[in-house]
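Visitor: I'm new to this one. Can you walk me through it?
Guide: Sure. Have a look first, then ask away.

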Amino acid sequence: MLVGTVPAFAITQIVVNRYRAERQRLALEWSARGQRDLASRPADAVTDFVTAMSYGSDRPTDRLLLARALVASERPAEAKAQLLGLAAEDMANGDVNLELARIAAAGGDVDEAVRYYHAAADGVWAVDAPAARREARIELARFLMSHGQQTKGQAELIGALQLDARETLDIAERVLTLDPYVERLGPRARGQRVRRALAIARARFDRCHDAWAADETVASRLDELRTRLEALEKQRPETFERSVAAVDEGLAVAFDIEKLPPGACGADSSDDRAVAAIASQHATPPR
Amino acid sequence: MKREEQLFLVIAILIGVYAGLSVVAFRVAIEWLRLVLLGSSLSPSFPRVVLVPALTGLVIAALTIGLFPAVRGSGVNQTKAALYIYDGYISFRTVVGKFVTSALAIGSGQSLGPEDPSLQIGAGLASALGRRLKLSRTHLRYIAPVGAAAGLAAAFHSPITAVLFVIEEVIGRWSAGVLGAVVLAAVSSVVTEQWFLGDQPLFRVPTYHLVHPSELLAYAALGLIGGGVSLAFVKLIAVLRPRLRQLPVPTWYIQPAIAGLLIGLVALRFPQVLGAGYDSIDQAMHDQYGWRLLAALCVTKLLATTASFTTGTPGGLFAPTLFIGAMLGGAVCAVERLMAPGVTGPIGAYVLVGMGTTFAGILRAPITSVFMIVEVSGNYSIILPVMISNTIAYLVSRRFQHVALFDLLARQDGTDLPSMEEEREAEVRAVEDAMRDPQPFTLRGDDSIDRNLDRASLAASEHFLVALSAGAWGAISRWELQAHHDQGRGSEPTSAVVVPVAKPYLYPDQSMEFALRVLRRTPVVPVVHRAKPDHLVGMLALDDVMRLKPAD
């Protein structure tokens with residue numbers, strides 16, 4: 001009877017190995033299907049990731065993607081539960097904290113959103129951690145400003161730029177000289193600042209345009225911006241002193257150009273960063 | 001320790017190893033069959049989900065009726081029958097049949113679980129092993145429960161739960177010899193199972209904490225509702241099972257298929273009801289379902305399991321019971337969260353407590369139900385809500401359904417198995433219930449035989465206690481006093497002729513069983529105070545025991 005255990009163990013081991021391999025294959029297959037469905041069919045992606053997890057895939061990536069699919073399927077409560085489970089296992093995970101922050105932000109819970117944004121900004125990221133942290137902080141700054149917390153947003157923004165103190169000071173100085181929202185400015189000074197912002201934006205636009213001209217989806221957006229930019233550049237300088245509409249349009253175009261995603265446009269100058277900082281603080285043009 | 005007892009313990013380990021291996025194979029078989037029959041999706045496609053459980057139901061019925069008639073039902077009562085009726089005998093054919101038919105049933109989506117079949121498979125393997133090793137009759141009888149514990153432990157990943165369940169529901173008593181074997185078998189089976197499948201728990205249990213003491217009221221409500229749901233489930237089975245069994249035999253061939261068809265139709269909307277449902281419990285535990293879905297799953301699973309079980313499809317009730325409780329617990333939490341968000345704890349805790357609640361209410365194993373949740377969660381602090389909820393569910397279920405589910409099933413099958421619950425609940429008669437006031441029936445040893453004979457003639461008893469020195473007592477009958485008087489010894493002190501009663505005497509709280517053992521030595525026994533052994537509080541004779549009315 002004792003001897004019989006050896007072949008019994010061996011046979012069981014063979015069967016279990018095949019069983020495990022099959023489960024692993026299915027887990028990967030369903031996970032891949034989920035990633036395909038995530039963008040276009042999030043509800044299907046939820047089922048895919050749940051199925052992948054039922055085959056033993058307890059990979060944090062799948063669980064995070066499941067949470068994203070749940071958010072995209074407008075099931076934030078379930079997504080949050082999933083993310084909290086992940087956070088319990090890895091409190092410092094930047095991705096998880098950022099998703100939790102977004103859910104809290106969408107739910108209007110400012111305190112919780114800020115807490116998770118901070119955790120994300122200070123968290124551990126698997127890929128390109130500095131860029132991810134900066135993005136998280138910029139998102140937090142945008143969130144704070146949209147909730148009327150300008151000062152806090154500004155502070156986060158400075159932190160987000162991840163510059164050394166000298167560079168920060170430089171940008172801060174540029175913001176002071178470029179910001180058209182300063183209340184004590186007269187029409188003439190404000191007009192000058194708008195035109196200066198447009199000049200900075202033009203330089204960035206040219207760089208972006210060269211890089212993205214081949215991309216059809218972006219090209220149409222760039223064309224539209226160029227048309228608006230050129231129309232503004234044809235205006236006489238006095239127009240920006242007299243016309244509120246021209247100021248609004250001038251700043252809208254400058255901000256839109258500065259908000260174009262970084263990367264393909266080459267390194268941003270300090271002026272670009274200063275205009276971007278002003279843009280992030282102000283959703284609407286000055287009146 | 002006798003050699004056979006030592007051998008029995010070694011065999012228990014071997015039983016555990018084989019039971020662990022068989023449970024691993026059983027789990028793999030269920031999973032393979034599910035993949036082959038229903039596909040890898042958790043929501044199988046339309047024709048498959050309706051046709052597969054139904055068509056497989058036909059095969060299962062043919063196998064059950066034609067080849068393996070002893071595999072119907074869960075397997076718990078069959079193991080009890082092996083212990084109490086068949087001297088530990090479970091045929092190997094039953095083991096094979098249970099493995100094949102249960103794997104087919106669960107793999108094809110019937111709403112049943114793998115634990116009870118694992119229990120019977122373990123018991124059957126143990127029985128076969130015991131017969132091969134030519135164990136004594138006593139050990140053969142107890143080997144089936146030992147194997148049952150091993151099978152259940154491996155299926156449930158929970159040795160403590162398995163040991164408690166087998167002791168609580170199958171054996172019914174704590175005996176050192178059997179307990180040792182049961183524990184060894186359970187532990188070795190879990191080790192074997194984990195060797196192959198890893199030590200991952202059945203569920204990813206979230207952390208638990210009590211948010212506010214008032215939350216215990218919600219758990220009490222969960223117990224109350226859980227008791228009601230348990231009651232509904234047991235009543236449904238109690239009513240439907242014999243009725244379906246009374247239908248003509250040819251219908252038995254299609255009953256599992258009809259159950260499969262119904263479950264398939266339900267699964268079109270709620271695919272979670274298919275099979276054991278552990279994945280869905282895990283989902284509920286991690287807040288992936290809204291309260292409407294949780295409530296719907298609770299009801300549909302209850303109906304689906306009733307359909308599967310009452311049609312005689314082989315498979316277990318453990319997993320469905322836990323599923324129903326999990327969904328109920330989740331629903332109660334979700335509703336409470338809407339009403340009192342500030343004082344509601346994590347849903348995972350409610351799901352866990354719900355599982356224990358229906359386990360206590362349906363299977364009526366209260367101790368097992370508490371420790372099962374503690375063992376599964378690995379969290380001792382959850383014991384408070386579990387105890388509250390389980391106790392209430394158990395009491396509600398007992399109040400309105402006097403016979404526990406497994407006892408009910410045994411009686412429906414015409415088998416008179418001892419009811420562990422009834423034995424637990426039976427009132428234990430103690431010495432104090434039968435003893436009488438000693439005053440009229442005690443004599444003094446210093447007094448003469450004649451004087452004591454005069455006193456004895458006034459008392460309505462045949463036997464008397466005689467006070468000797470320093471708390472010692474003797475016993476004498478009226479007939480003996482008369483005989484000594486007739487022999488002319490009437491003037492002698494009674495102590496000269498009396499027979500001392502050997503110590504220890506009886507205490508008022510001792511059981512009647514113990515008292516009867518003492519009464520074999522002497523016709524009358526003094527009953528003394530535990531703290532003051534010299535103080536006589538009563539006396540007990542065989543007549544007193546015979547006059548005692550039976551307990552209600």
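Guide: We'll take the contact between the chains, then a few strands. Keep in mind that this is a predicted model.

Visitor: OK, how many residues does each chain bring to the contact?
Guide: Chain B brings 29 residues. Chain A brings 31 residues.

Visitor: And what area is buried between them?
Guide: About 2600 Å² between chain B and chain A. Carbon and sulfur atoms give 65% of that.

Visitor: Which residues in chain B lose the most area to chain A?
Guide: Trp32(B), Phe196(B) and Gln288(B). Together they make up 23% of what that side buries.

Visitor: How many salt bridges does the rule find across the interface?
Guide: One salt bridge, between chain B and chain A. The side chains of Glu31(B) and Arg23(A) form a salt bridge at 3.1 Å, N to O.

Visitor: What about polar contacts, how many residue pairs?
Guide: Seven residue pairs are in polar contact across the interface, both residues at pLDDT 80 or more.

Visitor: Which elements give two or more residues to chain B's side?
Guide: Four helices of chain B: H1 (3-38), H5 (115-132), H8 (176-197) and H12 (278-285).

Visitor: Which one gives the largest share?
Guide: H1(B), with ten residues on the side that touches chain A.

Visitor: How do the residues on that side divide, nonpolar, polar and charged?
Guide: On chain B's side, 14 are nonpolar, nine are polar and six are charged.

Visitor: New topic. Strand S3 of chain B: buried or exposed?
Guide: Mostly covered. S3(B) spans residues 473-477, and five of its five residues are buried.

Visitor: Which way do they point?
Guide: Trp473(B), Ala475(B) and Ser477(B) point one way from S3(B). Gly474(B) and Ile476(B) point the other way.

Visitor: In what sense does S3(B) pair with S2(B)?
Guide: Antiparallel, over five bridges. Strand S2 of chain B covers residues 463-467. Val466(B) stands opposite Gly474(B) in S3(B).

Visitor: What sits in the hairpin between those strands?
Guide: Five residues lie between S2(B) and S3(B). In that hairpin, Ala470(B) takes a positive phi near 45°.

Visitor: And how many bridges join S3(B) to S4(B)?
Guide: Two, and these strands run antiparallel. Strand S4 of chain B is residues 499-500.

Visitor: Which residue of S4(B) does Gly474(B) stand opposite?
Guide: Pro500(B). So to recap Gly474(B): Val466(B) is opposite in S2(B), and Pro500(B) is opposite in S4(B).

Terms used: Residues are numbered from 1 along each chain as its sequence is written. Chains are lettered from A and ligands numbered from 1 in the order in which they are written. This is a predicted model: local features need pLDDT of at least 70, side-chain atom pairs count only at pLDDT 80 or more; totals for chains, interfaces and linings use all residues. Side-chain values use heavy atoms; hydrogens and water are left out. Contact means heavy atoms within 4.5 Å. Buried area is the accessible area (1.4 Å probe) that two parts lose on being put together, summed over both. A salt bridge is a side-chain nitrogen of Lys or Arg within 4 Å of a carboxyl oxygen of Asp or Glu. A polar contact is a pair of N or O atoms within 3.5 Å; within protein, one must be able to donate a hydrogen and the other to accept it, and residues adjacent in sequence count only if both atoms are side-chain atoms. Ala, Val, Leu, Ile, Met, Phe, Trp, Tyr, Cys and Pro count as nonpolar, Asp, Glu, Lys and Arg as charged, and the others, Gly among them, as polar. Buried means under 20% relative accessible area, exposed over 50%, partly exposed in between (1.4 Å probe, protein chains only). Two strands pair if DSSP finds at least two bridges between them.
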